[in-house]
Amino acid sequence: MKRLRALRARLLGSQARERIISPLTLRILAVNLFALLMLAGGVLYLDQFRVRLIEQRSEELQIQSLLMAGGLSEMAAQTPETPRLDPERTAALIAQMAEATSVRIQVVDASGVELMDTNWLPDREVIITQLKPGWRRRVALWLDRMTEMAAASPRLDMYEEIPADQLANLPEVTAALQGEAATALRRSEGGTTVVTVAQPIQRVQKVMGAVLLTADTRDITKIVRAERLTSFKIFCLVLALTILMSYFLGRTIVHPIRRLARAADRVRQGRARDVIVPRLPRRTDEIGQLARALSDMTQALHQRMDAIESFAADVSHEIKNPLSSLRSAVETLDRVKDPALQKQLLAIIQGDVVRLDRLITDISDASRMDAELSRARFEPVDMGQMMATLIDVQRRNAAQRSVTIAYAGPRPSTALVMGLEGRLGQVARNLIDNAISFSPEGGSVRVMLTVDDRTVRMIVDDDGPGIPEGTEESIFKRFYSERPEGEDFGKHSGLGLAISKQVVEAHNGRITAANRVQGETVLGARFTVELPAHVERRLEAAE
């Protein structure tokens, strides 16, 4: 029991996973995420925006350092003959400059000794290189790293506070003391970029020292991080909605398709009669159309199976009758010595053989009919021309029974239908043959072909006894036989009208039978065939 429960739980679990995630759902999610990734590209744009702002800040510092170096070379030099920076003048001048800027200003003389640092001034804000602790800092740093990885940004050295006696060891200060301006970018512990610009202080092409400006771009980083965090929140929200909508969309598509696939698979396994294909009546989209089409197809398959089963039973029944008669006649023939009786038995045997031959021929034709109609390619058929040719042949047959045929039809190329000319001609021959066989000697058969905007209609009237009341539908069933008196037994198999109905319905038409009456007197039978007209080709012919 435990193993069965475990197996059942595993099967249910696999089915649940199958219902939750499907390849089609993943495909829908992938397509929707592609558009979402375009939104994520905005984060990379923010990083490029930050880089351009930092470059602009660096240019500003270079201009400021150049102006400060020029001012110091003019106002802080002690003597023109031996120019060098005066510590007191330098400190006073830098103190005045510090009031107009928030950057850190450091000055060293030619020997690398630091003369002034704005951080020495009271109430002077030092550079903040750390962020406040908390989840915002962790999220901001994580987003910085992800953005740098995505944008392939170069890694910066960490910013460290340099002691005054080692300030000359900075690469940019060393370059400035050699007469070259230099700029460096470093990364603070809080993830912000620190910009340092060193400018030589020269007079008469002699380097008297260097001025070093240091600025923390935390204001730029704060703005970019705020926008980046907002974009990240929007991205997460849109991602969640995208996943939910993709799952919903995938479920509304996948779930009914799976139901239809299971039903179709059961039909394939031979359980068509036990399967009810869902029609999904509430769905008006393509999936609903597919469901109804599959349901109709399954019902047609049921009907086809029932028809095949019924056809086999009817064939078996119809063949057994002449076989039984034939066997009885053969068994009796050996015991009968009277030549007259033997002749009658031989006539019965010959009649049964003819009947069997007729049955087998018509059964073979009926069994091929369905396959032929499903594979054949319909083409325009001029019913007027076909009927005119057919009537000429049928008039010779009718003359043998002293029956006349009257025909009225439209002019050529106006009564056009899409179909198989041979099979439509077979329908017309069957109806005219029946009308001739039921008409009395000296009677007439009237054939009329009409056409309107939508329908080509063929009507066949005879002067026979008419159709027995209540059999207007039964006469189209297989092996139904209601023959006129005096006709040889077994000449007809009872499949002619059944085949005619099958052909007409395969051409999207219908065939009906009724009696022509005058008062209470039956004047004869009337068969009507209606076929959809091929309007386009008919209009072209009329033009």
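This report covers the fold, the two sheets, the helix packing and the aromatic pair of a predicted model.

## Overall make-up

The protein has 12 helices and 12 strands. Of its 543 residues, 38% are buried. Contacts across the sequence are well represented: among contacts with a separation of 6 or more, 67% join residues 24 or more positions apart.

## The antiparallel sheet

Five strands make up an open sheet, ordered β2-β1-β5-β4-β3, with antiparallel pairing. The edges belong to β2 (114-117) and β3 (182-187); each has a single partner strand, so one side of each lacks a neighbour in the sheet. From one strand to the next, the twist averages 20°.

At the β3 edge, six bridges pair β3 with β4 (residues 193-203) in the antiparallel sense. One of the residues to look at is Arg187, whose bridge partner in β4 is Thr193.

## The mixed sheet

A further open sheet has five strands in the order β7-β9-β10-β12-β11, and its pairing is mixed. Here β7 (404-408) and β11 are the edge strands, each with a single partner, so one side of each is left without a neighbour in the sheet. Neighbouring strands are turned by 15° against each other on average, direction ignored. Helix α9 (residues 383-399) packs on this sheet and touches β7, β9, β10 and β12. The direction of α9 makes about 170° with that of β7.

The bridges can be followed strand by strand. Strand β9 (residues 444-451) pairs with β10 over six bridges, in the antiparallel sense. Strand β10 pairs with β12 over seven bridges, also antiparallel. Nine bridges join β11 (residues 510-518) to β12, again antiparallel. Met458 gives a register point on both sides of β10: Leu449 stands opposite Met458, and the bridge partner of Met458 in β12 is Val529. Between β11 and β12, Arg516 has Gly524 as its bridge partner. These two strands form a hairpin with two residues between them. In the turn, Gly519 has a positive phi of about 70°.

## Helix α10 and its two partners

Helix α10 (residues 421-438) packs against α11 at an angle of about 145°, with the axes 9 Å apart. The crossing of α10 past α11 is left-handed. From α10, the contact uses Arg423, Leu424, Gln426, Val427, Asn430, Leu431 and Asn434. From α11, it uses Gly496, Leu497, Ile499, Ser500, Val503 and Val504. By type, the residues of this contact are seven nonpolar, five polar and one charged.

Helix α10 also meets α9. Their axes come within 10 Å and cross at roughly 35°. This crossing is right-handed. On the α9 side, Met383, Met386, Met387, Leu390, Ile391, Gln394 and Ala398 take part. On the α10 side, the residues are Glu421, Leu424, Gly425, Ala428, Arg429, Ile432, Asp433 and Ile436. The contact of α9 with α10 holds 10 nonpolar, two polar and three charged residues. Leu424 appears in the contact with α11 and in the contact with α9. Residues three or four places apart in an α-helix point the same way, because there are 3.6 residues a turn.

## Helix α11 and the residue after it

The buried residues of α11 are Leu497, Ala498, Ile499, Ser500, Val503 and Val504. Several of these also touch α10, including Leu497, Ile499, Ser500, Val503 and Val504. Just after the helix, Asn508 takes a positive phi of about 60°.

## The aromatic pair

The structure holds one aromatic pair. Phe476 and Phe527 form it, edge-to-face, at 6.3 Å centre to centre and with 80° between the planes. The pair links distant parts of the chain, 51 residues apart. Phe476 lies in the loop between β10 (455-461) and α11 (496-506), while Phe527 belongs to strand β12 (residues 521-532). Both Phe476 and Phe527 are buried.

Technical notes
Residues are numbered from 1 along each chain as its sequence is written. This is a predicted model: local features need pLDDT of at least 70, side-chain atom pairs count only at pLDDT 80 or more; totals for chains, interfaces and linings use all residues. Side-chain values use heavy atoms; hydrogens and water are left out. Rings of Phe, Tyr and Trp (its six-membered ring) pair if their centres lie within 6.5 Å; planes under 30 degrees apart count as stacked, over 60 as edge-to-face and the rest as tilted. Helices (H or I, at least four residues) and strands (E, at least two) are DSSP runs, numbered from the N terminus. Buried means under 20% relative accessible area, exposed over 50%, partly exposed in between (1.4 Å probe, protein chains only). Axes are lines fitted to C-alpha atoms, for helices over the stretch in contact, and angles run from 0 to 180 degrees between N-to-C directions. A crossing is left-handed if the near helix is turned anticlockwise from the far one by less than a right angle, and right-handed if clockwise. Contact means heavy atoms within 4.5 Å. Ala, Val, Leu, Ile, Met, Phe, Trp, Tyr, Cys and Pro count as nonpolar, Asp, Glu, Lys and Arg as charged, and the others, Gly among them, as polar. Two strands pair if DSSP finds at least two bridges between them.
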